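Work through the exercises below with the model open beside you. Try each task on your own before you read its solution.

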Amino acid sequence: MVNTMIGVVLALSLVVVTGYVGQISLMQMAIAGVGAFGVGSFGTAAGLPMLIAMPLALACGVAFGLVAALPSLRTRGASLAVVTLASGLAIEEIFFKRSGWFGLDKTNKSADPPEIFGFEFGPSSEFFLGDNKIPSGGFGVFVLILTVLACVAVMRLRRSRLGEQMLAVRANERAAAAAGVNVAAIKLAAFGIASLFAALGGVLTAYKLGTYGGAAFGIFASLSALAFAYLGGISTVGGAVTAGMLYTGGIGIVVTDEWAIDVGPYTAYVAGFFLIATAVYNSEGIDGFQRNQFHLVVNWWRRRRGLPPLDAVIPESESVDV
């Protein structure tokens, strides 16, 4: 469940930047790494308390994301994908593979367990609820609260004026500019918000692992994150939740390994196959497919009782081609 919730937070970053604005980003896991290595540097290395170290790590993630997003003001589509891919690779090579700030402590990076006012609630900390196993219930509650807040924030963003402007930019940049939308500011805002969620996912990953390296935040991890987000449904919060279940070590993978077949070594192959099938046959992802099937059942039930069918709740504009 902890892995699933962290996957949801990471997928939300792609929902904002790709689902809402239509900008392809292949550096989200690198930004997550900035958050993870930042909280280790500010918290463990510098000895700052969590209430200071964590916001600083998130701010650094947003700053790195905004700097890397500057080329998006003049590029789009495949060119932007290449630029963000190069940015993620540069962050990985410059920071995650060396010692020092935002880098390794010799061979790995360490992050102290989260603590507020002397109350520690890390994965290995004691907690009055749960079964006294690792990870503890306290850490699960901590991750759950942040995940719920992130989901609510993205849903409110979708309904806000800023969210409407993001959708306008995604649909047609020139038309949005002609309508008075500041396209450059909207793109930077989207990358900044997405970087905040990506860095938050990295911070939670650092707290979960305790000791970690740069491999978990490499460029292939970014590709996998984008694949799972698109497979789940990259334009909705429900799609992010589905993507979190498919995340490495998530509920969907564990249940499949336990009750069906062990796909652990072949997760990437299976994800790639279903990603192709989703892109070809159902651009709204698993979440869109589930909602369509739900409305088919509801409309069948309403017709049986002589009621008019419901209108489709997934407008065509919600689909995103990547």
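**Exercise 1: Surroundings of a glycine**

Glycine 232 is in contact (heavy atoms within 4.5 Å) with Gly239, Thr242, Ala243, Glu284, Gly285, Ile286 and Asp287, once its neighbours within four places in sequence are left aside. This is a predicted model, in which local features need pLDDT of at least 70 and side-chain atom pairs count only at pLDDT 80 or more, while totals for chains, interfaces and linings use all residues. Residues are numbered from 1 along each chain as its sequence is written, and side-chain values use heavy atoms, with hydrogens and water left out.

Task: Find which helix holds glycine 232, and decide whether glycine 232 is buried or exposed.

Solution: Begin with the secondary structure, where helices (H or I, at least four residues) and strands (E, at least two) are DSSP runs numbered from the N terminus; glycine 232 lies in helix α9, which covers residues 219-232. Next, take the accessibility, for which buried means under 20% relative accessible area, exposed over 50%, and partly exposed in between, with a 1.4 Å probe and protein chains only. Glycine 232 has 0% relative accessibility and therefore counts as buried. Finally, its C-alpha atom is separated by 11 Å from that of leucine 14, although the two residues are 218 apart along the chain.

**Exercise 2: A leucine in another helix**

Task: State where leucine 209 is placed and what its relative accessible area is.

Solution: Leucine 209 belongs to helix α8, residues 183-209. Its relative accessible area is 43%, so leucine 209 is partly exposed. As a last step, look at proline 123, which is 86 residues away along the chain, and find that the C-alpha atoms of leucine 209 and proline 123 are separated by 8.3 Å.

**Exercise 3: The whole chain**

Task: Explain why the chain is described as being as compact as a globular protein of its length.

Solution: First count the elements, which come to 13 helices and 4 strands. Then compare the radius of gyration, taken over C-alpha atoms, with the globule rule, which is 2.2 Å times the number of residues to the power 0.38. The radius is 20 Å, close to the 20 Å that the rule gives for 322 residues, so the chain is as compact as a globular protein of that length. To complete the picture, note that buried residues make up 48% of the 322 residues, and that the C-alpha trace spans about 65 × 50 × 40 Å along its principal axes.

**Exercise 4: Confidence**

Task: Find where pLDDT, the predictor's confidence in each residue from 0 to 100, stays under 50.

Solution: Start from the chain, whose mean pLDDT is 85, with 91% of its residues reaching 70 or more. Then locate residues 312-319, over which pLDDT stays under 50.
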